Number of protein chains: 2
Amino acid sequence: MSLTGHVVLLRLLFAYKPTSFLRQLSSTSIWRSQSPKLYSNQPLNKSKLPLNWGSTKYKPKLRVPFYAMADDKIEEILGPLRAAVKEQGDLVRKLKDAGDELETKKAVVELKARKKLLEDKELELTSKDEDFDRPRMEDLLKRRFFYDQSFAIYGGVTGQYDFGPMGCATKANFLNFWRQFFVLEEGMLEVDCSILTPEPVLKASGHVDRFADLMVKDEKTGECFRLDHLIKANLEKIGKEKTTAAETKDRISTILSQLDGLTKDEMSGILVEFKITSPTTGNPLTEPLEFNLMFSTLIGPTGLVKGFLRPETAQGIFVNFKRLLEFSQGKLPFAAAQIGNAFRNEISPRSGLLRVREFTMAEIEHFCDSSNLSHPKFADIKDTVMILYSACDQMDGKRPSKIPIGDAVASGLVANETLGYFLARIQTFLHKVGVNPDKLRFRQHMGNEMAHYARDCWDAECLTSYGWVECVGCADRSAYDLNQHTKATGVKLIAERKLPAPKKIEVVQANLNKALVGKNFKKDAKAINDYFAALNEEDLLEIEKKLASDGAVEVTIGQATFKLGTDILTIGKSEKTVHVEEFVPNVIEPSFGVGRILYSIFEHNFKIRGDDAQRTYLALPPLIAPVKCSVLPLSNKSELNAFVTQVVQQLRKNEVSVKVDDSSGSIGRRYARTDEIAIPFGITIDFETVKNETVTLRERDTTLQVRLPIDKVGLTVRDLSTGALTWTEVLNNFPKFESQEA
Amino acid sequence: MSLTGHVVLLRLLFAYKPTSFLRQLSSTSIWRSQSPKLYSNQPLNKSKLPLNWGSTKYKPKLRVPFYAMADDKIEEILGPLRAAVKEQGDLVRKLKDAGDELETKKAVVELKARKKLLEDKELELTSKDEDFDRPRMEDLLKRRFFYDQSFAIYGGVTGQYDFGPMGCATKANFLNFWRQFFVLEEGMLEVDCSILTPEPVLKASGHVDRFADLMVKDEKTGECFRLDHLIKANLEKIGKEKTTAAETKDRISTILSQLDGLTKDEMSGILVEFKITSPTTGNPLTEPLEFNLMFSTLIGPTGLVKGFLRPETAQGIFVNFKRLLEFSQGKLPFAAAQIGNAFRNEISPRSGLLRVREFTMAEIEHFCDSSNLSHPKFADIKDTVMILYSACDQMDGKRPSKIPIGDAVASGLVANETLGYFLARIQTFLHKVGVNPDKLRFRQHMGNEMAHYARDCWDAECLTSYGWVECVGCADRSAYDLNQHTKATGVKLIAERKLPAPKKIEVVQANLNKALVGKNFKKDAKAINDYFAALNEEDLLEIEKKLASDGAVEVTIGQATFKLGTDILTIGKSEKTVHVEEFVPNVIEPSFGVGRILYSIFEHNFKIRGDDAQRTYLALPPLIAPVKCSVLPLSNKSELNAFVTQVVQQLRKNEVSVKVDDSSGSIGRRYARTDEIAIPFGITIDFETVKNETVTLRERDTTLQVRLPIDKVGLTVRDLSTGALTWTEVLNNFPKFESQEA
C-alpha cells in the first residue's frame, strides 16, 4: 500500500472505530498504558524542535520533582515542544467549535503524539541523579518472596503471581488500611459479591460485546500474538536495521507513534505491507481477530448457562443497588465499596504486576443526585495541596498545577466538591501507604479519552520505571450502568428526590371492570389485571387510540391472546399531587488497582544504603510494612531466651507483628536481612539485658538505636507503628545507643 | 431387578468403587454431608429397637447439651441403639483383624447406618425445648442484607451469594481475627495464590480424574439432576404414598439409608426398578454420568492451555513449598496459611450457605517432621476441655467425651501434641467468634472415612437446623501432596533433618571426561553434562551395566541421540559422610469453611426477645459484630447534632465502627433495628446531654443502660469491643439508667 493510500485510509479511521467502550476508557484504562500517535492531518514540523526531540528512551531517574521543574536550560529545550502541543491543542479546540467531528478526531491523534514527546523529554531531562535499579529490586522481591510467578515448578503461567508471606502481609495491611480509611471513616457499605457472573449481566454492561483486544494467529501452529505488540516489535526491529531506507524508517516511526489509534483493517494492511509473519515459526498469520478478554466457563452441569469471571468488581455493586438503597433507608448519597479479585485474559501479559490476568481491585461506587454534588466534609480537606494536570493544561503544553483542592473546585478546574473530596482523599491515602508525593499526579482525561456518558475522569498516576502508571481511576460515570441493568431486567434502579414544591401531574391508567374480567377470563383474570397494571403511559395511550377506533383491543400474554372491549376496559386520566420525583442516580467511581499501587510503592521505597552498595532495603511505611518489629538475641546462649519470649509476648499483646531471628549471623547481617523485608523496628537482646533489663530499639531508615527498659517496648513499638509516636520523640525520650552493627 | 439380584450386586459394591479420593475424604468432606447406609450382610434386627427408632425427622431444638445427656428415660430409649452400634463395631474390628477386606467394608456400611439412627434419635430426644425458627432467621438475614442470592434482578444463580454490608463486615471481622489468632500469634507464613490453576497441577493433586459427582440428564431437554438427590426425592415420595405396598416401603427405606454407598451401576438399577423419569418433564433419563465439579476455562488466547478455578486453596501452598521452606531458612516445622475463594460446580446446590458454588476458605498447612510431633506451646493449652468423639467411641455406640486435651493426647485418644494443639486452638477460636460451645464437637473420622494416606482426621462439627455440619477439618495428610507434585514436576519437595550421628553412605555418580565431551559434542556438551548430573542412582546403575556389556551407551536428549563410550563415560562409586538426611515433610491441615462457620454462628446467635416475640436479633460477639456501636439522637433537633458529631469522632478515633440512626422512629424502635444487625452497644444522646454532657450506653443482650460522661465513651466502647472490659465492670463503674425504650 502506498503512503498516500494509507493516509486516505486513515481519513476513514474514526468512522470505523466502535464507540469508545466504558471500561476501556474509565476503570479499564487503569490497566492499559496509552501510547500516543503521530499520524495527522497536521504533521509536526520537526525543524522547530531541539535535537534528540524524538528520543523516548526511558531514563528511570528523577532529579527534581517533575511539577517543580523551573530550570531555565530545561525550559529552553522544552519550550518548542510545549508550543507544539499548544498549537495543536488550539487547532483541536477550533475544529471542535466548528463542529467538524472527523477533523477534530484526527487532530487529537496528533495532539496526543505531541504530548507524548513533551512528556518523554521532560522525564529524560529531569531524571539524571537518582538511581533506580529495577533488576536489583526485582531480585530482592523474588528472593525474599514478596511475590513470584505462580506455579513456577510447573513452568509457570504468564500474568499470574503468588504473593508470598511478605507480599501477602503487605497487601493485607494495605487493604485493612483501605477499609479503615474509606469504608469505616466514610461509613460506606462494603459488599462481597460473586466472582462468577452469568452472561446476561455482562451483556448489559457491554463487556460481552466490546471488551476485546485484536490478535493474530500463526496459521499452522495456532500460536497467538497481540496485534499491536507484534507490529511494534517487528517495526522496531526493521527500523533499527542499517539496511533500512531512511524513508521506510520515517514511515515506521510514524506508524509506531500512531499504533493505538489504528483500526483492524489498517493494522491488517501493515501486516501485509511489511510482510510480517509469526516471530517464532515464520509461518503466515491469520487476519486480525477480536479476542474477548473475559475468561468464560459454564455454570452448572447442563452446559447451557454461560458465565464469566468478572472483569471488574463494580457490576456486583450495581446489580445490588436496590438492596443497598434500601439499607440506606432510601437516602442518597451513599457509597458502596468492594475489595475483590477480577480477571482479564490478556493475550500477552507483561510488565510484572502491572498487567496481569488475575488481580485485586478495591472499588467504590458513590451514588448521588447529580443536581447536588456538594460534600459535607469538603471543608475538612479543602486545603489539601494536589498536583493536578487538567485536560486544558495538557492541551496547552503546560506543566501540572500544584494547587489546594479548594481552589481547584472554586475555579472549576475540578467539576464539583464530591469529585474534589474523593481526589483529595485518594491522594492522602496514597501518601500514607508510601507513594512518593513527588511521583504522584492526578491527570484529567481529555474529552476524547472518556466514554461518551462520562462527565469527568481523573487518574492518580504514579511515576515508575515503566513511566507514568495509572493506579487509581476516579470517574464520574453518570447513570450509565444503572440504566443498562434496568433496560436488561425491567427492574427500575432508581431513587427519589423531594420536589422543591408539590406538583400536580396527570396520570394515565387502565380501568378494568374486574367483575367482568373475572367472569370472562376466569383463571387468566389475574394475569390480565397484572398486565394492564404494568403498562406505561405510552402503551396506555396507544391502547386508548385502538379502543376509540376499533372498540376493542387484543393483547397477548404468554401464549394466549385476549380480546377486551370497551365494556371491560377504558383508559382514564386523573390528576395527582406528587411530592417526590424519581431519578436514576449518578455514580462517582474511585477504582484502585491494588497490584499496581503496591508495585509503585515497592519502587518508590526501594533503597540502597549510602555506605554499602550491597545493602538494599525497602523503606515501607510502618503502616503497611509486613512485619513491624524484629527481635534479635545477640547470641543463642540460653540465658537470653526468656527475654526473647518476654519481648515477643509483650509485642503480640499490643498487636505488633514480630519476627524473631535467632540465627547465628552477626547482628549487622541480621539487621540487613530484616531491612530487606522492610521491618521498620528492631529490638536487640544482649548481655546487658540480663543485667539491667534494658534492650536496644533500632529504626530501619536512620539505623539509629536507643536503649530502653524492656517493659516499655510493647507500647513504644505499637505507637511507633500506628504513627501515634514519632522516631524523633523516641530519640528524645531514651538514651542513644551506639550500634552493635559494626 | 429382584431383591435377591440386588443383594448379589451389592456384594460387589466395594470392588467397583474407585479408591477414596483425598479431597472428598479430608478437606472436601467439609462440603459434603454424609448420610449413612443400611444395606449390609448383617442387617439390623429391628425388633430389638424402641418404637419410632427409624424416625430421622430433624427437630431443630436442643434441651440439654448433647454430651451431657444423662437422663435415665432417654438412655433407656437409646440403650438398644447404642448396643446395636457396638455389636456392629465389634464385628467390624473382628473382620478387620481377620484381614477380610470386602466383608469389613460391607460391615462398615451397616455400622454407619446404625450410628446415624443413634444420632438422629439422640437429636430428636434432646431437642424439645429450645425454639429455633429458620425461616424467621433467614428473613432477618435477607431483610437486613447480611447475604442474599447473587444477581437476583437477573433471576439469580443457585449456589451463589452476595454478602451485603452487614454480612461483609461480619466476614471481614471474622477473617481479621482468624489472621490475628492463627497467622500472627503463631508466626505462620500467609500467602495469597492464584485462583486460576493450570490443568497439570490439578491432575497431579488428583482433582482432574476423581473430583466428580454422578448425575443424569433429561434425554430431551438436557436438564441435569444430581443422581443421589433425584433417587432420594423420588423414593421418599413413593414411600409416603398410601397405595405403596409395605414390602416396597421397606425396600425403599433400606435403599435410602444406604444411598451414599451405592455404585453407579446400582443407582442405575434403581432408576430402572422404580421407573424414575425427569421430575420436571417426565422424559426418560440418560445413564448416570460422572460430572467433574471443577469450573474449567482456557488461559490465554490459543485455546490450548486448560485451567480450572481452584477447588481448594491448599494446592497453591504445596506448589510454593520450596520458596516457603527457604523463607523459613530451611527449618521445620513451619506453617503456611491462606485465605481465599474456591469454586465447585455443584450439580444442584442447596442448604443456603452450606453448599455453594463459590466460597471462602481459610486453610493452614503445617509442615513438620513426622518423627517429632511434640509442640512447644502444648503446655499452654493442655487444660482446654474439649468435646471429642473418637472413632472408637463411635464404633462402641458411646457418647462423646468431655476431656482436657492434655489427657486426650496422654491417653492416645488424639495422636500427638501437634494435632492436639491445633484442635484446642480451633475450639478456642470457634468459641470466641460465637459458636455455641454446647453445639460444637470434634468428631474423628473412622478408618474407612479417611483417604488411604491420612494418619488421622478430626472435624469440628457445629449443630445446626440442618444437623451436624462439618465446619473445620483438621487432617494429618502425611506427605501425599508434596509427593504428587514431585512426581509430576521432577522438583524435589523435601526438607533435611540432622542425623543423630554422621553417617557414611555410598554415592554413585557419572564421571564424564569433560574435555572429550566438549570436543565430541560441542554445542550439545552442556545438555549432556546436565543430563548425567540429574540421573538418579537407579538410572546410573543401569547405565553401568550397559557400559559393561556393550562398551557404550546411547542416550536421547530432546530430539537428538548421543552415543558415549567408556572412554568418555564411567560410573563411579565413592563414600561420603553425611550429617543430614532428606525427607518429605508431613502435613497437618486445619481447613476452615468460612461460610459454614458464619452460618452456624448466625443460627447459634439468633434470638427472640423474651418479652416480645416480634423482636428478633443476632447476639453476635462484639469481636465479629459488623458494627460495634450505634449513636442515636433522641430527636433530630439541631442542638443535639454537635454531640452526635463529637461522639462519632471519638469512637472512630478509637477505631470503633459506628452507625448513626437519626431517623424519626422511637428510641425503642431504633434499638430494635440495631439489635437486628447485631450492634452490641448503643449510645443515646438526649436533652440531658446538652445540660451535663453525659450520654446513655446500652448493651444489646441485657438491654441494660448506664449513664456516663461523653468524654468516656470512646475508650469504654473500645475496651468493651476488644474484650478488655466486661459489661459487668461497666455496670459497676457507672450509674444505671432507666430505659427510654418503653
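# Exercises on a predicted two-chain model

The side chains of Asp90(A) and Arg93(A) meet in a salt bridge, 3.2 Å from N to O. The model is predicted, so local features need pLDDT of at least 70 and side-chain atom pairs count only at pLDDT 80 or more, while totals for chains, interfaces and linings use all residues. Residues are numbered from 1 along each chain as its sequence is written, chains are lettered from A and ligands numbered from 1 in the order in which they are written, and side-chain values use heavy atoms, without hydrogens and water.

## Exercise 1. Salt bridges within a helix

Task: Place the pair Asp90(A) and Arg93(A) in its helix and describe the exposure of both residues.

Solution:
- A salt bridge here is a side-chain nitrogen of Lys or Arg within 4 Å of a carboxyl oxygen of Asp or Glu.
- Asp90(A) and Arg93(A) belong to helix H4 (residues 72-97) of chain A and sit three residues apart, about one turn of the helix. Helices (H or I, at least four residues) and strands (E, at least two) are DSSP runs, numbered from the N terminus.
- Asp90(A) is partly exposed at a relative accessible area of 33%, and Arg93(A) is partly exposed at 26%. Buried means under 20% relative accessible area, exposed over 50%, and partly exposed in between (1.4 Å probe, protein chains only).

Task: Repeat the analysis for Lys526(B) and Asp530(B).

Solution:
- Their closest N and O atoms are 2.7 Å apart, forming a salt bridge.
- Both residues lie in helix H21 (residues 525-534) of chain B, four residues apart, about one turn of the helix.
- Lys526(B) is exposed, with a relative accessible area of 59%, whereas Asp530(B) counts as partly exposed at 40%.

## Exercise 2. The surroundings of strand S14(B)

Task: Explain why strand S14 (residues 440-444) of chain B is largely enclosed.

Solution:
- Five of its five residues are buried, so the strand is largely enclosed by the rest of the structure.
- Leu440(B), Phe442(B) and Gln444(B) point one way, and Arg441(B) and Arg443(B) the other way. In a regular strand the side chains alternate between the two faces of the sheet.
- Strand S12 (residues 385-389) of chain B pairs with S14(B) in the parallel sense over two bridges; Leu388(B) has Phe442(B) as its bridge partner. Two strands pair if DSSP finds at least two bridges between them.
- Strand S15 (residues 456-464) of chain B pairs with S14(B) in the antiparallel sense over five bridges. There, the bridge partner of Arg441(B) is Glu461(B).

## Exercise 3. The interface of chains A and B

Task: Describe the contact between chain A and chain B by residues, area and polar pairs.

Solution:
- The contact (heavy atoms within 4.5 Å) takes 81 residues from chain A and 81 residues from chain B.
- The buried area is about 6,700 Å², with 59% from carbon and sulfur atoms. Buried area is the accessible area (1.4 Å probe) that two parts lose on being put together, summed over both.
- Ile153(A), Tyr154(A) and Phe327(A) supply 12% of the area that chain A buries against chain B, more than any other three residues.
- The rule finds six salt bridges across the interface. Asp662(B) forms a salt bridge with Lys331(A), with the closest N and O atoms 3.9 Å apart.
- Helix H7 (residues 165-186) of chain A gives the most to the side of chain A that touches chain B, with 10 residues.
- There are 35 residue pairs in polar contact between the chains, both residues being at pLDDT 80 or more. A polar contact is a pair of N or O atoms within 3.5 Å; within protein, one must be able to donate a hydrogen and the other to accept it, and residues adjacent in sequence count only if both atoms are side-chain atoms.
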